[in-house]
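This briefing walks through a few local features, grouped by topic. Please keep the sequence and the 3D view open while reading.

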Amino acid sequence: MCIGVPMKIEQRKDDTGLVTAGGIESRVSLALVPEAQVGDYVIVHAGFAIQTIDQSEAEETYRLLEELARAAEEEEQESS
Amino acid sequence: LKYVDEFRKQAPAMALAERIRRLGEELGQVRLMEVCGTHTMSIFRNGIRGMLPSNIRLLSGPGCPVCVTPTGTIDLAIALARRPEVVVATFGDMMRVPGSDSSLERERAAGADVRVIYSPLDAVRFAADQPERKVVLLSVGFETTTPGMAASLLQAEAQAVPNFYLLCAHKLIPPAMLALTGGAEGVRLDGFLCPAHVCTVIGSEALRPVATERGIPCVVAGFEPLDILRGIEGLVAQVAEDRAEVENVYRRAVRPEGNPVAIATSDRVFETADTEWRGLGIIPGSGLAIREEYRHRDITHAFPLELAPGRDHPGCACGEVLAGRIEPPECGLFGKTCTPQNPIGPCMVSSEGTCSAHYKYGELDE
């Protein structure tokens, strides 16, 4: 079962990291994400961080979604 | 951004549902399959089936690692657990899966040393702490889990912990997608909602053969409701425009090349092999075996056991459900003798199994 929620790296010592999300704290291996630093968000699966979240891509997706919602709202106002 | 609430908002969800409706208006029946148990659960929990027009159908495929593990593998784990010198270490979701005549949970109740782990590294620690025992890690899962298993084996090597073994039963998703949709008996699909975290490891490019060889649109999507709706929108758009490409709408976590460190770690330890899937039979190149160099860590090599072939409950239709041939309510046992409290097949046992999802959320959605 995948945990969908990205976790934030609070501490990193060699290949071990302390990560948190929504008040949950967990010790995971960071061996598979050598580039990840404290403050980064990572995808965690079965005790290992498997990927680092790309913040600029996340923001781009978020902006696109907000734009979609705004366009739909405007369309609704025009038709009513 | 915290990367959670931003992708659960209602206004963009409604806008996406409307776009999907418009894109699908002129189309006949569109059959889309998700191949990830976490997608299945998120789709049901968020009522996504109910947001779609009636001609756009979502099917659940072989996306739950527990569910696709054949009975023979469970029987092997049980036979090992019964040996007094063996400790079986497993993720919790394997505990209740029925083998031919028992389960790991029942064996533990009867005195076997079966331990639930959160990380495969826990099992290496058990082995280091108890050198007189043989610790067997049930190495089950898709490409998401494989690198961590490989890293654990390499750690046991580095720390010279000799009594740590794997029962290797991994499965690979792209070969299963190809097998499921190939040949005369193949399931007819119009698109794959591709597994989010498998793709964080293997990369979106690994799905290209599905799009090119099968002509089936592939969209990689995350697990939040807006991610899934964007994935469905992308698939319906490809169907409407008669395209079959690999698209990635989960770019915050999935790169075209995946995670090269994770892939390399896995490749050091494992090589591809044929393997049996529940419901799909033996699929060439869809599994992993431990490489020759590390074969002393393979419990089936270190400790060969001859077992009778696994026996499934005669009425259980998990195989048909996993292949997308039927939906759970079409199974004669569903909701009658097979429930989450008293599961008969693995798709009802696992919290992310298709039958369990239907049982918990189905009536709300349909």
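A residue is called exposed when its relative accessible area is over 50%, buried when that area is under 20%, and partly exposed in between. The model shown here is predicted, and the points below should be read with that in mind. They cover a charged surface patch, the cysteines of chain B, and two residues with an unusual sign of phi.

**A patch of negative charge**

- On the surface, Glu73(A), Glu74(A), Glu76(A) and Glu78(A) come together in a patch of negative charge.
- One of these residues, Glu78(A), belongs to helix H1 of chain A, which covers residues 55-79.
- Glu78(A) counts as exposed because its relative accessibility is 69%, and the cut-off for that word is over 50%.

**The disulfide and other cysteines**

- Cysteine sulfur atoms must lie within 2.5 Å of each other to be counted as a disulfide, and by this rule there is one disulfide over all chains.
- That disulfide links Cys64(B) with Cys67(B), and the distance from S to S is 2.4 Å.
- The disulfide of Cys64(B) and Cys67(B) is right-handed, because the torsion about its S-S bond is about 70°.
- Both partners are buried, since Cys64(B) has a relative accessible area of 4% and Cys67(B) has a relative accessibility of 1%.
- Cys316(B), by contrast, takes part in no disulfide, and the nearest cysteine sulfur, which belongs to Cys318(B), is 3.6 Å away.
- With a relative accessibility of 24%, Cys316(B) counts as partly exposed.
- For Cys347(B), the closest cysteine sulfur is again that of Cys318(B), but at 3.3 Å it is too far away for a bond.
- Cys347(B) is counted as buried because its relative accessibility is 0%.

**Positive phi outside glycine**

- As background, most residues other than glycine have a negative phi.
- Asp14(A), although it is not a glycine, has a positive phi of about 50°.
- Asp14(A) sits in the loop of chain A between strand S1 (7-13) and strand S2 (16-21), and it is exposed, with a relative accessible area of 63%.
- Asp242(B) is likewise a residue other than glycine with a positive phi, in this case near 55°.
- In chain B, Asp242(B) is placed in the loop between helix H12 (225-240) and strand S9 (246-248), and its relative accessible area of 73% makes it exposed.

Methods
Residues are numbered from 1 along each chain as its sequence is written. Chains are lettered from A and ligands numbered from 1 in the order in which they are written. This is a predicted model: local features need pLDDT of at least 70, side-chain atom pairs count only at pLDDT 80 or more; totals for chains, interfaces and linings use all residues. Side-chain values use heavy atoms; hydrogens and water are left out. Patches are made of residues with over 30% relative accessible area and no salt bridge: like charges are joined within 9 Å, nonpolar side chains (Val, Leu, Ile, Met, Phe, Trp, Tyr) within 5 Å. Accessible areas come from the Shrake-Rupley method with a 1.4 Å probe; for residues, only the protein chains shown count as cover. A salt bridge is a side-chain nitrogen of Lys or Arg within 4 Å of a carboxyl oxygen of Asp or Glu. Lys and Arg count as positive and Asp and Glu as negative; His and the chain ends are not counted. The place of a charge is taken as NZ of Lys, CZ of Arg, CG of Asp or CD of Glu. Helices (H or I, at least four residues) and strands (E, at least two) are DSSP runs, numbered from the N terminus. Buried means under 20% relative accessible area, exposed over 50%, partly exposed in between (1.4 Å probe, protein chains only).
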